[in-house]
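Biologist: I'm new to this one and would like a close look at a single part. Could you walk me through it in plain words?

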Amino acid sequence: MEQPGTTANSRTFTVDQATGFIKGQPTLQRTLSYMKNMFFDQDAVVEMLAKEDTKLYDFYDLGLPATPGDLATGTSIVYPGKVGDEYFMTKGHFHEILDTAEVYYCLSGHGYMLMENPEGEWEVGELLPGNAVYVPGRYAHRSINISPARPLITFFVFRGDAGHDYGSIEKQGFRKMVVEQDGKPAIVDNPRWRRT
Ligand code: ZN
C-alpha cells in the first residue's frame with residue numbers, strides 16, 4: 001500500500017497560510033537596496049538605507065521544471081511599510097514570453113496587483129484573502145502591500161518556461177504608483193516613469 005505523496009512525479013506541498021512559508025524551500029529575500037531606484041522618493045530611500053537595508057519581500061519558488069507544459073508555482077510575501085508615501089512592493093516584471101498569463105491567489109493581507117502592457121493600458125486588481133487576480137498575457141505585474149500592519153501573502157502559478165523580464169521595468173518603471181494620501185491608498189501617475 002503506497003502512502004499519499006510518495007510517488008516520484010507529483011508534488012504535494014504545504015503552504016502556511018499565515019506566513020506564506022513553503023516547507024523545504026529556501027527563502028529568497030529582497031531588500032530595499034535591490035530596488036532602490038524604483039521608488040519615487042529617493043531622499044527617503046537614502047535615509048532608510050543609511051539605517052538598515054530593510055526587507056521588502058520574500059518569496060518561495062518550488063523550482064519545478066521550466067518547460068511549456070509545467071507550471072511555476074510558489075508564494076510571495078510583501079511586508080508592510082512605506083518608502084516615503086509609497087507602499088512596499090515587489091520589483092515587478094514582464095514575462096520573457098510576453099504573452100503568458102499568471103494567477104495570484106491571496107492567502108492573507110490586503111494589497112493591489114498593478115498591471116500594465118507595452119501599449120500603456122493599466123489595471124489594478126484588489127488582493128484580499130480569497131481573491132484571485134488573473135494577470136493576462138502581455139501585462140507586467142507588481143504586488144503592493146497597502147495594509148499598515150499585515151504582510152501580503154499570495155500564491156502564484158504561471159507557465160513554467162515564461163521567464164522573468166525585470167529589465168524593462170527597471171529602465172522605465174510602471175506608469176502608475178500607489179501611495180498613501182490622507183491615510184488611504186491612492187493610485188497616481190508615477191513622475192519617474194519614462195518612455196524608452
Ligand atoms: Zn509573473
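Modeller: Let's take the open sheet in this predicted model. It's built from 6 strands, in the order 1-2-3-12-7-10, and the pairing is antiparallel. Strand 1 (28-31) and strand 10 (132-135) sit at the edges with a single partner strand each, so one side of each has no neighbour in the sheet. Going from one strand to the next, the twist averages 20 degrees.

For a closer view of one pairing, look at strand 2 (residues 55-61) and strand 3 (residues 71-78): they run antiparallel and 5 bridges join them. Within that pair, you'll find Tyr 57 opposite Val 78 in strand 3. As for what holds such neighbours together, strands of a sheet pair through backbone hydrogen bonds.

Now on to the zinc ion. Its protein donors are His 93 (NE2), His 95 (NE2), Glu 102 (OE) and His 141 (NE2), at 2.0 to 2.2 Å from the ion. Along the chain, these donors are spaced as H-x1-H-x6-E-x38-H. His 95 belongs to strand 6 (residues 94-95) and His 141 to strand 11 (residues 140-145), so this pair ties together parts 46 residues apart in sequence. Both are tucked away: His 95 is buried at 3% relative accessibility, and His 141 is buried too, with a relative accessible area of 2%. As for the geometry, the angles among the 4 donor atoms run from 83 to 162 degrees, and the site counts as irregular. A tetrahedral site would need all angles between 85 and 135 degrees.

Notes
Residues are numbered from 1 along each chain as its sequence is written. This is a predicted model: local features need pLDDT of at least 70, side-chain atom pairs count only at pLDDT 80 or more; totals for chains, interfaces and linings use all residues. Side-chain values use heavy atoms; hydrogens and water are left out. Two strands pair if DSSP finds at least two bridges between them. Helices (H or I, at least four residues) and strands (E, at least two) are DSSP runs, numbered from the N terminus. Axes are lines fitted to C-alpha atoms, for helices over the stretch in contact, and angles run from 0 to 180 degrees between N-to-C directions. Donors are N, O and S atoms within 2.8 Å of the metal (3.2 Å for Na, K and Ca); water is not among the atoms, so sites may look incomplete. Four donors count as tetrahedral if all angles lie between 85 and 135 degrees; four count as square planar and six as octahedral if opposite donors are over 155 degrees apart and all others between 65 and 115; anything else is irregular. Buried means under 20% relative accessible area, exposed over 50%, partly exposed in between (1.4 Å probe, protein chains only).
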